[in-house]
Amino acid sequence: MKHHVPQSATLGADIRALRKARGLTLAEIADQLGRSVGWLSQVERDMSEPSISDLRQIAQCLGVPMSMLFAHSAAPADEQGYVVRAGARRPMGSGEEGLIEELLSPDLTDDFEMVYSTFAPQSRMQKPANRPTQEVGYMISGKLDLVIGGRHYTVEPGDSFRIKHEPYQWSNPHDEPAVAIWVIAPPVY
């Protein structure tokens, strides 16, 4: 399953192209998302940053895996599937949620995926998640407050944590960004 996105395409352009390919109007998608047409139009023109939660809903409306929105810039043929250069990743997210994610895996053909997550200062997850996954996170910098299965934790650089089929929520009530590497199985994007 190979999806080719031209190197020059932006996230907004990809969303617009997918929407048009499915014959959907801005109004139809905005309605499904419970958002305004103006907001969606700004997203498609890269003037507004949708959050990871927004993007998950947009991908659902378009009937595509969210991974399609994480397009990497084209790699040289001998590196494809093996190496993802730092500048080739498309950072996604932000918006009100304050989470930016980059896919570290070259693609989603593995039994797991690796994601680089940056949590903005004073940000929090919009609503708790409960995914049928096993996830392990490793803190690189900053501090993150986690609620996993009703238990509260604060993790700091060098700490790691696991979430296994349990409801969880994160927040960064601190004044500096928190950065974590997540390994998620099976891939959710």
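Tutor: Helices here are DSSP runs of H or I with at least four residues, strands are runs of E with at least two, and both are numbered from the N terminus. The model is predicted. With that numbering, His165 is placed in the loop between strand S8 (160–164) and strand S9.

Student: What is the sign of phi at His165?

Tutor: His165 has a positive phi of about 50°, although it is not a glycine.

Student: How accessible is His165?

Tutor: Partly exposed covers the range between 20% and 50% relative accessible area. His165 falls in that class because its relative accessibility is 49%.

Student: In which loop does Gln122 lie, and what is its phi?

Tutor: Gln122 lies in the loop that joins S3 to strand S4 (123–124). Its phi is positive, about 60°, and it too is not a glycine. At 52% relative accessibility, Gln122 counts as exposed. A further positive phi, again of about 60°, is taken by Asp46, just after H3.

Student: Which residues of helix H3 are buried, and against which helices do they pack?

Tutor: In H3 (residues 37–44), the buried residues are Trp39, Leu40, Ser41, Val43 and Glu44. Helix H1 (11–21), helix H2 (26–33) and H4 are the elements against which the buried residues of H3 pack.

Student: How should the largest nonpolar core be read, and which of its members touch the most others?

Tutor: In soluble globular proteins, nonpolar side chains tend to be buried together. In this model the largest nonpolar core has 40 residues, and the members that touch the most others are Ile15, Met66, Leu69, Met92, Phe119, Leu144 and Trp182. Helix H4 (residues 52–62) gives the largest share of this core, six residues.

Student: With which residues is Trp182 in contact, leaving aside neighbours within four places in sequence?

Tutor: The partners of Trp182 include Glu113, Met114, Val115, Ser117 and Phe119. Glu135, Val136, Gly137, Phe161 and Ile163 are also in contact with Trp182.

Student: How does one look for empty space, and how much lies in the second largest pocket?

Tutor: Rolling a probe the size of a water molecule over the atoms shows where empty space is left. The second largest pocket holds about 430 Å³ of space. Its lining has 22 residues, of which Ser53, Arg56, Met125, Ala129 and Arg131 are the closest to the centre of the pocket.

Student: Which elements supply the lining of the second largest pocket, and how does the lining divide by class?

Tutor: At least two lining residues come from each of H4, strand S2 (99–103), strand S9 (168–172) and strand S10 (178–185). H4 supplies the largest share, five residues. By class, the lining comprises twelve nonpolar, four polar and six charged residues.

Student: Is Ser105 buried or exposed, and what does its side chain reach?

Tutor: Ser105 has a relative accessible area of 4%, so it is buried. It lies in the loop between S2 and strand S3 (113–119), and its side chain reaches the backbone nitrogen of Met114 at 2.8 Å.

Student: Is Arg89 buried or exposed, and with which side chain does it make a polar contact?

Tutor: The cut-off for buried is under 20% relative accessible area. Arg89 is therefore buried, at 18%. It is found in the loop between H4 and strand S1 (92–94), and its side chain makes a polar contact with the side chain of Glu102 at 2.7 Å.

Student: Is the peptide bond from Ala185 to Pro186 cis or trans?

Tutor: The bond from Ala185 to Pro186 is cis, with omega near -10°. Pro186 lies in the segment after S10.

How values were computed: Residues numbered from 1 in each chain as written. Predicted model: local features only at pLDDT ≥ 70, side-chain atom pairs only at ≥ 80, totals over all residues. Heavy atoms only, no water. Core = buried A, V, L, I, M, F, W, Y, C linked by side-chain atoms within 4.5 Å. Buried < 20%, exposed > 50% of the residue type's maximum accessible area, 1.4 Å probe, protein only. Contact = heavy atoms within 4.5 Å. 1 Å grid on protein atoms, 1.4 Å probe; cavity = no way out; pocket = protein on both sides within 12 Å on 5 of 7 lines; lining within 4 Å. Points joined across faces, edges and corners; volume = space filled by probe spheres on them. Nonpolar A, V, L, I, M, F, W, Y, C, P; charged D, E, K, R; others polar. Polar contact = N/O pair within 3.5 Å; in protein donor to acceptor, adjacent residues only side chain to side chain.
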